[in-house]
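Please read the following report alongside the sequence and the coordinates. Its topics are the contact between the chains, the nonpolar core and the enclosed space.

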There are 2 protein chains.
Amino acid sequence: MRPRPPAGSGVDVFFHPRGVAVVGASRHPGKVGHTVLLNLKRWFRGPVYPVNPHAREILGLPAYPSLLEVPDPVDLAVVAVPAPLVPRVVDEAGRRGLRGVIVLSAGFREVGPRGAALEERLVEAARRHGLRVLGPNCIGVYSPSTGVNATFFVPGRQGLPGPGPVAFVSQSGALGAAVLDWAEARGVGISRFASLGNKADVDEADLLSYLRGDPETRSIALYVEGVDDGPRFRGALEETTPVKPVVVLKAGRSGAGARAAASHTGSLAQSYELYAALFKQTGVVPASSTEELFDLAVALALQPPMRGDRVAVVTVGGGSGVVASDWLSSLGLEVPELSPETQARLRRVLLPLASTRNPVDVTGSATDEHLAEALHVVLESGEADGILLIPYFNVPGITGELPEKLAPVLRRAREEGVPVVASVTGGARAWGLARRLEELAGVPVYPGEARAARALWGLRLYARWLEKTGGL
Amino acid sequence: MRPRPPAGSGVDVFFHPRGVAVVGASRHPGKVGHTVLLNLKRWFRGPVYPVNPHAREILGLPAYPSLLEVPDPVDLAVVAVPAPLVPRVVDEAGRRGLRGVIVLSAGFREVGPRGAALEERLVEAARRHGLRVLGPNCIGVYSPSTGVNATFFVPGRQGLPGPGPVAFVSQSGALGAAVLDWAEARGVGISRFASLGNKADVDEADLLSYLRGDPETRSIALYVEGVDDGPRFRGALEETTPVKPVVVLKAGRSGAGARAAASHTGSLAQSYELYAALFKQTGVVPASSTEELFDLAVALALQPPMRGDRVAVVTVGGGSGVVASDWLSSLGLEVPELSPETQARLRRVLLPLASTRNPVDVTGSATDEHLAEALHVVLESGEADGILLIPYFNVPGITGELPEKLAPVLRRAREEGVPVVASVTGGARAWGLARRLEELAGVPVYPGEARAARALWGLRLYARWLEKTGGL
């Protein structure tokens, strides 16, 4: 068999197709071949062609008996036919001149030797024709800015995030879908999502290489259970992290987890130490849970890397300032006492009971202006490499205008290379205002001091890598 | 001065007053003395008496010139007058025969020696009359089942959780308020909330002793920056943990955090090691963040302690099963392979592609019934001391009826002493269904595998303590 193509080659077709055929398109609601056609019809701005030898029309679109008869323009097929038929479909896709195939069908390597043989034939056909295959046994591709929803996500049951700066690549389809559902509710925007499934052809390295050059992607989040081609993965990471931050959740870190991963995707029970070393050597920011994967990816997409260890905590609540300081310290960051000059400047603009040492506690009697002034003085001082902001929205002096009032100083901080993240503890009103802070000023907001501190840690870790490799 | 009363004595008046006077009640919206009166008027079912020498009526309630003239029944006063006037008010409360005073006013020990002298006079008056004082410099008391909202929470800005099994005691007022706001949005029910402020009289030990005997409280969550009387605190913990679980977030664990705590509440910079040792010796479940404080308190309120280390993971998504296994292992719990007999039983009721080893992965093609059957077989096997359930609500076969369908087996697990917690990753629809699972079956639901695993860890830690002390 011909070798796997160089990482990234031909992957763009999955995110920027000119026309998409759905092979195995179905008239029956609930079937995968129906749902994916429904999703493409609703989302995709180019032509969508159902392929089904037993139908003349599906969902109001004319159907074609085979891929060979689909008219132009078409360069991508999404396949939802039974596994034994898939190799022939890939062959037809090649003969028709398509550049990519997404195989949603299951029943390949994950079910045993017969499925593995089918998977080999599938790859052979793809290599013969020089086209790329995503999957099989995957949940598809989602790229909101280009209108690609080539997934079988059930409408109404699955949240779909809007366009944004984070790319998300998941070996597991169900986990990917659940995380996208969460991302939509959380207000995280996605540039590209791809579920890799069995990785018969397209793998993590392909996506990394493609996303490295994708102008819409500012950070890359990766969920991995196991990698088949270590050197290829390492190579892609080495080329990507100097350009864009990569956050990886490697599941199967423990013995029990590795055994579970082997059952789930057939991933080899590789030692996590090998991965940990690889991540350290290549500047990957490691995550330990799905929420942390996104917490870090969002911070790295929205804020600059943190060029030093010194964090100023600016808070409306003293208790939260204490908890945040504990977390920052436990992550190896510093919360140094501010200089007498800076403290004097703070005392001039804050209430008499405010604390100025660091944390800067403006107190629950503070107004929007006090908080803005505190940020301003801290930023001016040059004594903080990063800022952890803790606004409380339930005290009398902090109003619904806070996001507007803080936006200028927060934007300036970002321009000056001083990252700011915020922690908000509270209910629906607090979260609404927190999201506005994120939208207006690009400050990522986390529920709780621990996660905000961890985000700064990620920004610091990535900066250390860039410093080491001369990128900063 | 007379000594501090025994822990817990007379504390019930804060949660079950017969009538409440508001000293410093104000006609001016936005003033603390206005907001607290508004809150009591709306919530409290007994009589509420504004005290203000310059008003005849406030918010439609007849006002009294001093506490001495307030009619019966009254046993509690909430005080919002300037600090220098407070000692006299406490004296009047004693002369009038009141049993408790909540001092919201600030300007005591936290502002320096003059405030400290005022605070001493306040305590002297309280001891002389044998009444208990909460605060000063606190945010008050909230007890939804008895209609006590003696706080200056701004209505519309502050979420107020409904009644429930978790008691929450916070040294910090603002942090307490923010956490209650979050609890309301999260659907966590609260039995009692008290903000301790300067702890001039009533302290953590008082609340622990009271809550130990409170039938509405099933677990106690405590936010502490520093404790003044170590032996008294230890004594209260020793008597409480054999009866009810206590979760403590001790802030100021790091050097930076301890310095912040000293600025915030004047707490001594005590070494965290001392606290860690105390918690270990007294069976306290330690938390490291505000969200973890509640994650653990909710688990301990709703589920039985976990009598062994063996956890079965029952999941709709393989990837989440891997992540959960990693977390459980890293917390010292086991995810053992199930016996051949149990796996055979599972294979009989699950889909062919399901994994049965543990995690039990019913797969994204499973139905509600498959998940119920898997739980049933795992519970029957006796091979799991606890269960981590991961339902996905975005796959085709899992319906909105899942909570109803799982409730019987989940309730049985609890009755048999096998705790179950769930992890849900997803958006609004998923969370709505997750909450129904919590309501119907008492299964606490967490956003993400890491936090669910940590909750089981808390249930195991508490069980180990009970085993050691003969309570289990």
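The report takes the interface, the core and the cavities in turn.

The model is a predicted one, and its two chains meet in a contact that takes 69 residues from chain A and 69 residues from chain B. Between them, chain A and chain B bury about 5,000 Å², of which 56% lies on carbon and sulfur atoms. On the side of chain A, the residues that lose the most area to chain B are Arg157(A), Arg259(A) and Asn394(A), which together account for 14% of what that side buries. The count of salt bridges between the two chains is 2, and one that can be named joins Arg253(A) to Asp326(B), with the closest N and O atoms 3.9 Å apart.

The largest nonpolar core holds 203 residues, among which Phe168(A), Leu388(A), Phe168(B) and Leu388(B) touch the most other members. Leaving aside neighbours within four places in sequence, Phe168(B) is in contact with residues including Leu175(B), Val179(B), Ile190(B), Phe193(B), Tyr223(B) and Leu293(B), and also with Gly176(B) and Arg192(B).

As for enclosed space, the model has 6 cavities of 30 Å³ or more, and the largest cavity is summarised below.

| Property of the largest cavity | Value |
|---|---|
| Space | about 70 Å³ |
| Nonpolar lining residues | 3 residues |
| Polar lining residues | no residues |
| Charged lining residues | 6 residues |

The lining of this largest cavity includes Arg4(A), Lys199(A), Asp203(A) and Glu204(A), together with Val227(A) and Phe233(A).

Technical notes
Residues are numbered from 1 along each chain as its sequence is written. Chains are lettered from A and ligands numbered from 1 in the order in which they are written. This is a predicted model: local features need pLDDT of at least 70, side-chain atom pairs count only at pLDDT 80 or more; totals for chains, interfaces and linings use all residues. Side-chain values use heavy atoms; hydrogens and water are left out. On a 1 Å grid over the protein atoms alone, a cavity is a set of points where a 1.4 Å probe fits but cannot get out, and a pocket is an open set with protein on both sides within 12 Å along at least five of seven lines; lining residues have an atom within 4 Å of a point. Grid points are joined across faces, edges and corners, and a volume is the space filled by probe spheres set on the points. Ala, Val, Leu, Ile, Met, Phe, Trp, Tyr, Cys and Pro count as nonpolar, Asp, Glu, Lys and Arg as charged, and the others, Gly among them, as polar. A nonpolar core is a set of buried Ala, Val, Leu, Ile, Met, Phe, Trp, Tyr and Cys residues joined through side-chain atoms within 4.5 Å. Buried means under 20% relative accessible area, exposed over 50%, partly exposed in between (1.4 Å probe, protein chains only). Contact means heavy atoms within 4.5 Å. Buried area is the accessible area (1.4 Å probe) that two parts lose on being put together, summed over both. A salt bridge is a side-chain nitrogen of Lys or Arg within 4 Å of a carboxyl oxygen of Asp or Glu.
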